Amino acid sequence: MTIETQTTPKKLTIYEIAKLSGVSVSTVSRVLNDSPYVSARTKARVTDIINQYHFSPSTVARAMISNQTQTLGVIISDITNPYFSELYLEIQRYAVDFGYSLILCNTFYGGSSHGVSDAIPEDTYFQMMLDKKVDGVLILGGEIDRDQVSASYQEALNRLGRQIPVVILGQTIPDCCCTFINRNFSGGVSALIHHLLALGRRRIGFVGGEEGIRTTTARLGAYVQTLKSLSIPYDPALVSLSNYYAPDGYQAMSRLLDGSVPAPTAVICINDAVAQGAIRAIADKGLRVPEDISVVSCDQFPSGEYSCPRLTTLDQQNSYLGRMSIMTLISAIHSDSECITISHEPRLIIRESCGARLGYRFEE
């Protein structure tokens, strides 16, 4: 009896590919990285050998030769927040198109509102990114969103930024060696107020957002300034800050309705999640949206169109922001690290929660 055995073909190394092709290891590396500095004839010869032996270079080997891992780190303050999850999905889509894989680091920075009490320090992830040899880091939210950034955090950013490209979606910090993408946090608040006034609403409140956070400060500031510019008295009793999630909206709205002053006839919420919590609080008090209180939001989330009632909100073009973030990081990796400012006008989306779609014209 004859026993036939099959042997698995040996997996060639990049050095053996170079030998079989009659070229240097660096030339094989350039072919693998699709470098334009290789003649068509040489590229074809190397490619034939690669295809013949089904050669697939390991990530480690490729990194040793090119000094790049084609991996990016993304540090997010809370992936369960629809704002950040939408950004991340857009970032991931474009990263894949450019041949990069992502390492997601979730700090739980804003997680106390939904049962997570211990945030992971960002500088822990900074060191992890260096250990993983990522080509660059994108930071979305977290400590950078505070009105006053601590000196220790800025020092940690500088240590990271001096070693690899770092792009931050947030306010520019002077003397920080990172690339910043600045956005207009307050855009659209004035449009919401004018829309509510056109419907006859005069007693307009502000709900949600954490004090000391850039987004809250900017949007609340725009709210106050718009009222003053229209000669409408600003009443601090109509402002109830909390955080950025539905439970926070519920608590903040409940405080307004339980207060000693008359309830607002309209509220501007920091985002759609807070608005949904506020609507639940209004219903639990036996009131109706929009008949008794109009509710609008400063930041559209994907589920806003399916709430009951559908939310009137602002489209802040978060998908565009995600695309710009990843493209800026890839540019920084290739030595183009100019800070940019995102200039865009949010789009007002009118739905049922303000009353306009139902034909209401409120008079007070």
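**Close-up views of a predicted model**

**View 1. Two cysteines that are neighbours but not bonded.** The sulfur of Cys176 lies 3.7 Å from the closest cysteine sulfur, which belongs to Cys178, and this is too far for a bond. A disulfide calls for a pair of cysteine sulfur atoms within 2.5 Å, and by this rule the count comes to zero disulfides. Cys178 is likewise in no disulfide, with the sulfur of Cys176 as its nearest cysteine sulfur, 3.7 Å away. Cys176 is buried, at a relative accessible area of 12%, and Cys178 is buried too, at 8%. Please keep in mind throughout that this is a predicted model.

**View 2. Helix H3 and its buried face.** Helix H3 runs over residues 40–52, which makes 13 residues. From first C-alpha to last it reaches 18 Å, close to the 18 Å expected at 1.5 Å a residue. Look here for the buried residues of H3: Thr42, Val46, Ile49 and Ile50. Seen down the axis of H3, these buried residues fall within an arc of 100°, so they line one face of the helix. What covers them includes helix H1 (14–21) and helix H2 (25–32).

**View 3. The other side of H3, and what follows the helix.** Turn to the face of H3 directed away from its buried side, and you meet the exposed residues Ala40, Arg41, Asp48 and Gln52. After H3 comes His54, whose phi is positive, near 50°.

**View 4. Val23, a buried loop residue.** Val23 sits in the loop between H1 and H2. Its relative accessibility is 18%, and because buried means under 20%, Val23 counts as buried. Leaving aside residues up to four places away in sequence, Val23 touches Ala18, Val28, Thr42, Arg45 and Val46. Two of these contacts, Thr42 and Val46, are also among the buried residues of H3. Val23 and Arg45 are 22 residues apart in sequence, and their C-alpha atoms are 9.4 Å apart in space.

**View 5. A cavity inside the model.** Rolling a probe the size of a water molecule over the atoms shows where empty space is left. The structure holds one cavity of 30 Å³ or more, and about 390 Å³ of space lies in the largest cavity. That cavity is lined by 25 residues, of which Asn81, Phe84, Asp145, Thr215 and Tyr244 are the closest to its centre. Helix H5 (82–97) and helix H9 (214–229) each supply at least two residues of the lining.

Technical notes: Residues are numbered from 1 along each chain as its sequence is written. This is a predicted model: local features need pLDDT of at least 70, side-chain atom pairs count only at pLDDT 80 or more; totals for chains, interfaces and linings use all residues. Side-chain values use heavy atoms; hydrogens and water are left out. Buried means under 20% relative accessible area, exposed over 50%, partly exposed in between (1.4 Å probe, protein chains only). Helices (H or I, at least four residues) and strands (E, at least two) are DSSP runs, numbered from the N terminus. The expected span of a helix is 1.5 Å times one less than its number of residues. The arc is that of the directions from the helix axis to the C-beta atoms. Contact means heavy atoms within 4.5 Å. On a 1 Å grid over the protein atoms alone, a cavity is a set of points where a 1.4 Å probe fits but cannot get out, and a pocket is an open set with protein on both sides within 12 Å along at least five of seven lines; lining residues have an atom within 4 Å of a point. Grid points are joined across faces, edges and corners, and a volume is the space filled by probe spheres set on the points.
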